[in-house]
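Dear colleague,

Please find below the structure I agreed to pass on to you, together with its sequence. My notes on the helix packing and the nonpolar cores follow it.

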Amino acid sequence: MDTQNPSAPSRARSASAANPTRTRHHGGGIVHENTRHTTRFVVIGNHLVQHKELSLLAIGLGCHLQSLPTGAGADIKSLTARFPEGPTRIAAALRELEAHGYLRRERVRTPTGRIITRTISCNQPGNPPKAPLREAADTGCPDRRSARPAATDRPSRPREPRPRKALPAVPQPDCTLPGLLRTAVDLLTDLRRHDSRLLLSAADTAHLAPGVAAWLERDVLPSAVRRALTADLPDELLRRPAALLAHRLSDRLPPPAPFRAPAPPPPVRLLLHNCDGCDRGFRAPEPGLCRDCRPTTGPGGCVPA
């Protein structure tokens with residue numbers, strides 16, 4: 001029972017690696033049923049799909065990248081959202097393609113100054129040496145940027161200053177008295193003492209002064225105007241403090257002051273004089289005799305003190 005047959009093989013033998021088409025002699029192997037593509041297809045070389053050193057995931061990912069249109073997302077985050085493989089396996093497959101020249105990644109600066117990573121897929125690589133990620137490898141893929149003039153060959157033009165965004169409109173006062181505008185300018189200049197972020201330029205102050213004057217002519221005290229402009233400011237950095245103040249001057253503008261009838265003039269108080277006859281004090285426009293000492297009392301007579 002425990003005697004083994006020494007002539008029996010220990011395991012089944014597979015086909016020889018030197019003869020990968022051995023199954024053809026037995027009627028097996030793949031059979032192609034091809035239909036000619038006229039739209040929505042991409043040409044991929046056998047050097048990629050039958051590569052002997054790339055993994056199956058890298059080959060499939062290389063075919064997918066070559067089928068993408070220009071500008072499509074080819075970063076790890078986009079590929080992870082597209083395929084069920086995780087970011088670790090996709091990153092390893094990208095490194096395989098990069099090592100064999102089917103892919104290279106370059107860091108470029110956009111016209112706005114932002115640095116981005118550009119992925120370049122090459123369908124016909126050569127035998128490039130392995131290079132660091134930030135250095136472009138010589139993959140044999142034609143570089144279309146070589147036809148463009150170098151940045152140093154282009155004539156340097158001075159950069160035009162970016163136009164300044166206009167400040168929001170502010171209320172305008174009904175009267176433009178110099179004293180009223182002077183008070184408004186002093187109030188705006190003093191705001192930096194209450195909050196250092198409210199440091200205004202001369203142009204911003206000239207723009208905001210009529211709005212403050214419109215508040216002052218509505219019987220609003222300067223302290224109340226200052227409180228309305230500086231209360232409940234955000235904690236973060238104020239990028240455009242003048243724009244914030246202009247918005248508050250317009251949004252929180254109080255209604256006009258209620259109409260008040262002019263107060264009657266105060267009664268005229270006559271001066272006190274001593275009578276020339278009896279030396280008694282009395283009030284009258286001019287010195288002279290009192291009412292008792294005068295023979296007659298007319299409309300301009302004196303009033304006893």
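I should say first that this is a predicted model. I begin with the pair H7 and H8, whose axes come within 10 Å and cross at roughly 125°. H7 is therefore oblique to H8, since the angle lies neither over 145 degrees nor within the range of 65 to 115. The crossing of H7 with H8 is right-handed.

Which residues form this contact? On the H7 side they are Val212, Trp215 and Leu216, and these meet Pro222, Val225 and Ala228 of H8. By class, the residues of the contact comprise six nonpolar, no polar and no charged.

Turning to the cores, the largest nonpolar core has 26 residues, and the members that touch the most others in it are Leu188, Leu208, Val212, Val225 and Leu229. Two or more residues of this core are given by each of helix H5 (178-189), helix H7 (202-216), helix H8 (222-230) and helix H9 (241-251). H7 supplies the largest share, six residues. Val212 and Val225 thus appear both in the core and in the contact of H7 with H8.

Leucine 208 deserves a separate entry. Leaving aside residues up to four places away in sequence, Leu208 touches Val170, Leu188, Leu200, Ala242, Leu245, Ala246 and Leu249.

There is also a second core, separate from the one above, with 15 residues. Among them are Ala58, Ile90, Leu94 and Leu103.

In soluble globular proteins, nonpolar side chains tend to be buried together.

With kind regards

Notes:
Residues are numbered from 1 along each chain as its sequence is written. This is a predicted model: local features need pLDDT of at least 70, side-chain atom pairs count only at pLDDT 80 or more; totals for chains, interfaces and linings use all residues. Side-chain values use heavy atoms; hydrogens and water are left out. A nonpolar core is a set of buried Ala, Val, Leu, Ile, Met, Phe, Trp, Tyr and Cys residues joined through side-chain atoms within 4.5 Å. Buried means under 20% relative accessible area, exposed over 50%, partly exposed in between (1.4 Å probe, protein chains only). Helices (H or I, at least four residues) and strands (E, at least two) are DSSP runs, numbered from the N terminus. Contact means heavy atoms within 4.5 Å. Axes are lines fitted to C-alpha atoms, for helices over the stretch in contact, and angles run from 0 to 180 degrees between N-to-C directions. Angles under 35 degrees count as roughly parallel, over 145 as roughly antiparallel, 65 to 115 as roughly perpendicular and the rest as oblique. A crossing is left-handed if the near helix is turned anticlockwise from the far one by less than a right angle, and right-handed if clockwise. Ala, Val, Leu, Ile, Met, Phe, Trp, Tyr, Cys and Pro count as nonpolar, Asp, Glu, Lys and Arg as charged, and the others, Gly among them, as polar.
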